[in-house]
Amino acid sequence: MVLPLPLLAVVGVAALAIGLGILQRQQQQPPLRMEPGVTYVIGDLHGDADCGKYWVDRLGLIEDDVWMQPNASLVFLGDYVDKGPFSLQTIEFVKSLTDRFPDKVTALLGNHELELLRDRNDETVVKYVHLAYSAVHPEDFLNYIHEPTEEDRQIIDVIINASIEIYSHRMQQQMLATPVAHAHAYNRNSLFELFAEEDRPYLQQKMASYQQAYLQTFASNTTLGKWLETRKIIHVENGVVFCHGGLSEGIVDQIHQVGGVEAFNELFQQNADDQTIHKFLQTPKGKAVYNMLVYRGNHQPEACPSLQRILEQLNVTKLAVGHTPGQNVRTLCEEQFWALDSLLGRWIRTSGNQYCPVEGRSSQNGRFVCPPLTNSCMGQVTRFANGKVDILT
């Protein structure tokens with residue numbers, strides 16, 4: 001059932017505490033009506049802390065630091081980082097909820113967080129943070145620099161310009177934001193080949209320092225790193241199994257081999273530190289973790305018979321996932337499967353996997369255009385209660 005809410009409104013220009021000053025603040029809406037035995041679910045936020053806060057406020061779960069509905073809970077489906085420029089603030093916001101309400105808020109790990117954890121290991125030589133699209137938005141690096149300078153901001157801006165030129169030639173998949181020699185060693189091109197040869201060494205050094213600051217923020221000996229390492233991979237609540245990507249029968253077999261859902265989560269958490277995770281992800285159980293976070297095989301109607309067997313094995317009635325984006329929440333298999341990634345983050349909703357500035361920008365040849373960032377928090381969240389699912393817009 002789709003429950004329409006009042007249209008989102010926009011007022012004035014306000015400096016948000018964790019957003020960009022030029023973004024517009026939406027009017028306060030009345031909290032949604034709460035019911036006992038409810039699980040609310042928020043999908044992928046992708047570096048948009050303000051829209052994360054918007055939806056939590058919209059649900060009316062918290063008032064004056066008090067959880068207002070004892071029988072309600074909240075599940076985040078992962079992918080707090082990447083694509084938008086406020087990954088740090090998004091993680092800090094979700095973490096603050098799990099710290100304040102550990103029995104009410106569950107924050108699952110997404111594949112982008114898993115890539116971040118793997119990037120910290122020196123054995124990962126081509127890192128997710130090196131990608132010229134779909135990973136760390138260049139502006140996000142400014143959050144990890146102690147007192148960024150105007151020069152830092154200018155460097156980030158020219159990196160965005162270079163990225164846009166790459167997109168105009170559809171070359172993003174073969175580009176790395178690493179020194180030219182490193183990229184060539186792995187049969188890729190370097191983003192820095194777009195710059196004059198005399199400028200490359202300094203720009204490469206600066207980008208490497210930004211990437212290192214980012215990874216150090218989430219090292220195993222940091223609070224944020226440890227928080228990511230202790231996230232669940234899979235969660236069962238109110239007859240629903242939640243995970244980021246999806247489930248195959250092979251993945252479920254791996255879960256049963258270790259003793260069930262909680263044992264599977266514990267196995268991951270025991271091997272998530274920055275010295276262990278790279279090798280763990282090469283084992284059968286580690287590959288099952290990775291596959292669970294990226295699997296998209298449940299999204300086809302022909303997968304419904306397999307889904308039925310999976311649900312019976314896990315003794316649940318529904319599977320709910322994020323990871324695969326769409327304009328709205330979708331359901332299949334007579335409402336047994338729910339795809340909940342509805343592009344809640346404004347950056348991914350506006351410009352997809354590409355790194356674009358808020359004001360919009362075009363490539364020099366005009367073949368690629370970054371549209372201006374949408375002001376409103378859009379998408380949908382869901383409410384699971386008594387075997388029924390409501391879509392909240």
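**Disulfides and cores in a predicted model**

Colleague: How far apart are the sulfur atoms of the disulfide between Cys-51 and Cys-377?
Modeller: This is a predicted model. In it, Cys-51 and Cys-377 are joined by a disulfide. Their sulfur atoms are 2.1 Å apart.

Colleague: How many residues apart in sequence are the parts that this pair ties together?
Modeller: Cys-51 sits in helix α1, which covers residues 49-59. Cys-377 sits in the loop between β17 (369-370) and β18 (381-385). The pair therefore ties together parts of the chain whose separation in sequence is 326 residues.

Colleague: Is the disulfide of Cys-51 and Cys-377 left-handed or right-handed?
Modeller: Both Cys-51 and Cys-377 are buried. The torsion about their S-S bond is about -95°, so the disulfide is left-handed.

Colleague: How many disulfides are there in the whole structure?
Modeller: Cys-304 pairs with Cys-333, with sulfur atoms 2.0 Å apart. Cys-356 is joined to Cys-370, S to S 2.0 Å. With Cys-51 and Cys-377 also bonded, a search of the whole structure gives a count of 3.

Colleague: Which helix holds Cys-304?
Modeller: The torsion about the S-S bond of Cys-304 and Cys-333 is about -85°, so this disulfide is left-handed. The pair links distant parts of the chain, 29 residues apart. Cys-333 is in the loop between β14 (330-332) and β15 (337-339). Cys-304 is in helix α12.

Colleague: Does Cys-304 count as buried or exposed?
Modeller: Buried means under 20% relative accessible area. Cys-304 has 19% relative accessibility, so Cys-304 counts as buried.

Colleague: Which strand holds Cys-370?
Modeller: The bond of Cys-356 and Cys-370 has a torsion of about -70°, so the disulfide is left-handed. Cys-356 lies in the loop between α13 (346-351) and β16 (361-362). The pair ties together parts that are 14 residues apart in sequence, and Cys-370 lies in strand β17.

Colleague: What is the pairing of the bonded cysteines, numbered in sequence order?
Modeller: Cys-51 bonds with Cys-377, Cys-304 with Cys-333, and Cys-356 with Cys-370. In sequence order, the pairing is 1-6, 2-3, 4-5.

Colleague: How far is Cys-243 from the nearest cysteine sulfur?
Modeller: Cys-243 is buried, with a relative accessible area of 0%. Cys-243 is in no disulfide. The nearest cysteine sulfur belongs to Cys-333, at a distance of 14 Å.

Colleague: Which helix gives the most to the largest nonpolar core?
Modeller: Nonpolar side chains tend to be buried together in soluble globular proteins. Here the largest nonpolar core has 103 residues, and Ile-42, Leu-74, Phe-76, Leu-247 and Phe-268 have the most contacts inside it. With 8 residues, the helix that gives the most to this core is α4.

Colleague: How many residues does the other core have?
Modeller: This core lies apart from the largest one. Among its residues are Leu-108, Val-329, Phe-384 and Ile-391. Its count is 13 residues.

Colleague: How much of the chain over residues 40-325 is helix?
Modeller: An unreviewed UniProt entry lists residues 40-325 as "domain: Calcineurin-like phosphoesterase". The end C-alpha atoms of this stretch are 18 Å apart. Strand makes up 11% and helix 45%.

Colleague: Where does pLDDT stay under 50?
Modeller: The chain averages a pLDDT of 92, and 91% of the residues score at least 70. One stretch stays under 50, though the model has 80 contacts for it beyond four places in sequence. That stretch is residues 3-36.

Methods. Residues are numbered from 1 along each chain as its sequence is written. Side-chain values use heavy atoms; hydrogens and water are left out. pLDDT is the predictor's confidence in each residue, from 0 to 100. Contact means heavy atoms within 4.5 Å. UniProt positions are given in the numbering used here, feature names are shortened, and annotations may be inferred rather than shown by experiment. Helices (H or I, at least four residues) and strands (E, at least two) are DSSP runs, numbered from the N terminus. A nonpolar core is a set of buried Ala, Val, Leu, Ile, Met, Phe, Trp, Tyr and Cys residues joined through side-chain atoms within 4.5 Å. Buried means under 20% relative accessible area, exposed over 50%, partly exposed in between (1.4 Å probe, protein chains only). A disulfide is a pair of cysteine sulfur atoms within 2.5 Å.
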